[in-house]
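Biologist: Hi! Could you put the model up so we can walk through it together?
Modeller: Sure, here it comes.

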Amino acid sequence: MRVLQKTGLTLYGLLAMANLANSQITEAQARPIDSLLVRKYLQFGNFHTVNSHPIVGGNNIVTWDLGNGLSPNIPGYFVAWSHNGRVNENTANLINSQPNQSYKLFDLATMPSAEFYKNQVLNYFVSIGIQVGIIESKRPEPKLYPNPVDRFTTLSSITQPNKEYSILLYDASGRLIDQFKGFTNEQGLDFELDFLRYTKGIYLIQFLNEDFLFSAKAIKK
């Protein structure tokens with residue numbers, strides 16, 4: 001791997017760009033988080049899909065949900081969440097007032113990071129009686145080197161060996177521009193990414209498997 005030469009940007013400028021790029025998350029960035037949480041904590045769940053909610057004495061309400069499914073702790077209790085760009089507050093309140101249903105709206109524009117959003121959804125789960133596993137507090141810390149990136153960089157972390165994972169790459173606007181799949185080795189994660197075909201700028205590299213989700217920010221020279 002080659003070590004980067006200094007760019008013309010100051011450290012202050014890079015930090016300002018990073019904070020601006022990460023001042024909110026998009027549906028694309030929320031998707032792997034919602035998929036992970038639905039699969040891990042709900043029964044018969046779906047994510048990023050249209051869903052119909054029964055209303056006592058009225059017609060069903062159709063919404064686009066970030067995630068939904070049955071609570072594993074309360075039989076027949078339906079859980080769902082979306083964001084205010086898709087569902088208005090009155091609709092969410094009406095669904096939430098129905099028996100055996102819980103509905104939550106999140107404002108993605110106010111989420112400073114994908115990790116923060118995940119924790120907000122987990123807090124919602126806890127508030128309605130869903131037990132959140134302790135593994136969430138033991139998230140492995142990723143390392144990305146070199147960073148800033150000239151061409152090659154490596155994302156590494158101590159994770160369980162021989163586990164299938166996905167790597168998703170987002171640009172500064174939150175657009176998913178590439179994705180990769182693989183298996184961890186005996187030491188954990190050691191994934192090399194070639195930035196040759198990507199333009200200069202800030203990128204988010206996101207790791208996802210059945211146990212963990214974490215991300216690292218990369219600056220392409």
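**Strands, helices and odd backbone spots**

Modeller: Let me start with one pair: valine 79 has serine 102 in S4 as its bridge partner. Keep in mind that this is a predicted model.

Biologist: Okay, and how do S3 and S4 pair, parallel or antiparallel?
Modeller: Strand S4 (residues 101-106) and S3 pair in the parallel sense, over 6 bridges. Another spot to look at is serine 82, which stands opposite leucine 105 in S4.

Biologist: What about the other neighbour, how do S2 and S3 run?
Modeller: Strand S2 (residues 61-70) and S3 run antiparallel, joined by 4 bridges. For a landmark, asparagine 68 stands opposite alanine 80 in S3.

Biologist: So what does the whole sheet look like, what is the strand order?
Modeller: The order is S1-S2-S3-S4, an open sheet of 4 strands with mixed pairing. S1 (43-53) and S4 are the edge strands with a single partner each, so each has one side without a neighbour in the sheet. On average, neighbouring strands here are turned by 30 degrees against each other, ignoring direction.

Biologist: Does anything pack on that sheet? Which strands does H2 touch?
Modeller: H2 packs on the sheet and touches S1, S2 and S3. The direction of H2 makes about 130 degrees with that of S1.

Biologist: Back to S3 for a second. How many of its residues are buried?
Modeller: For strand S3 (residues 78-83), 6 of its 6 residues are buried, so to speak "mostly covered". Both faces are covered. Phe78, Ala80 and Ser82 sit on one side, Val79, Trp81 and His83 on the other, and all are buried.

Biologist: Nice. Now helices: at what angle do H2 and H4 cross?
Modeller: Helix H2 (residues 27-41) and helix H4 (residues 114-127) cross at roughly 30 degrees, and their axes come within 10 Å. Angles under 35 degrees count as roughly parallel, and H2 and H4 are therefore roughly parallel to each other.

Biologist: Is that crossing left-handed or right-handed? And which residues make the contact?
Modeller: The crossing of H2 and H4 is right-handed. From H2, the contact uses Ala30, Ile33, Asp34, Leu37 and Tyr41. H4 brings Ala114, Tyr117, Lys118, Val121, Leu122 and Phe125.

Biologist: What's the make-up of that contact by class?
Modeller: The contact of H2 with H4 has 9 nonpolar and 2 charged residues, with no polar ones.

Biologist: Switching topic, I'd like to check the backbone. Where are the cis peptide bonds you flagged?
Modeller: One joins tyrosine 145 and proline 146, with omega about -10 degrees. Another runs from asparagine 147 to proline 148, with omega near 15 degrees. As background, most peptide bonds are trans.

Biologist: Where does proline 146 sit, and is it buried or exposed?
Modeller: Proline 146 is in the loop between strand S5 (143-145) and strand S6 (152-157). Its relative accessibility is 6%, so proline 146 counts as buried, the cut-off being under 20%. Proline 148 lies in the loop between S5 and S6 too.

Biologist: How far is proline 146 from isoleucine 219 in space?
Modeller: They are 9.7 Å apart, C-alpha to C-alpha, with their positions 73 residues apart in sequence.

Biologist: Which residues have a positive phi without being glycine?
Modeller: Histidine 48 is one of them, with phi near 50 degrees. It is found in strand S1, and at 14% relative accessibility histidine 48 counts as buried. Asparagine 162 has a positive phi too, about 55 degrees, and is found in the loop between S6 and strand S7 (164-171).

Biologist: You mentioned S5 and S6. What sheet are they in, and how is it paired?
Modeller: S5 and S6 belong to an open sheet of 3 strands in the order S5-S6-S9, with antiparallel pairing. S5 and strand S9 (189-194) are at the edges with a single partner strand each, so one side of each lacks a neighbour in the sheet. The twist from one strand to the next averages 20 degrees.

Biologist: Last one: how many bridges join S6 to S9?
Modeller: There are 6, and the two strands run antiparallel. If you want a pair to click on, phenylalanine 152 has aspartate 194 in S9 as its bridge partner.

Key: Residues are numbered from 1 along each chain as its sequence is written. This is a predicted model: local features need pLDDT of at least 70, side-chain atom pairs count only at pLDDT 80 or more; totals for chains, interfaces and linings use all residues. Side-chain values use heavy atoms; hydrogens and water are left out. Axes are lines fitted to C-alpha atoms, for helices over the stretch in contact, and angles run from 0 to 180 degrees between N-to-C directions. Angles under 35 degrees count as roughly parallel, over 145 as roughly antiparallel, 65 to 115 as roughly perpendicular and the rest as oblique. A crossing is left-handed if the near helix is turned anticlockwise from the far one by less than a right angle, and right-handed if clockwise. Contact means heavy atoms within 4.5 Å. Ala, Val, Leu, Ile, Met, Phe, Trp, Tyr, Cys and Pro count as nonpolar, Asp, Glu, Lys and Arg as charged, and the others, Gly among them, as polar. Buried means under 20% relative accessible area, exposed over 50%, partly exposed in between (1.4 Å probe, protein chains only). Two strands pair if DSSP finds at least two bridges between them.
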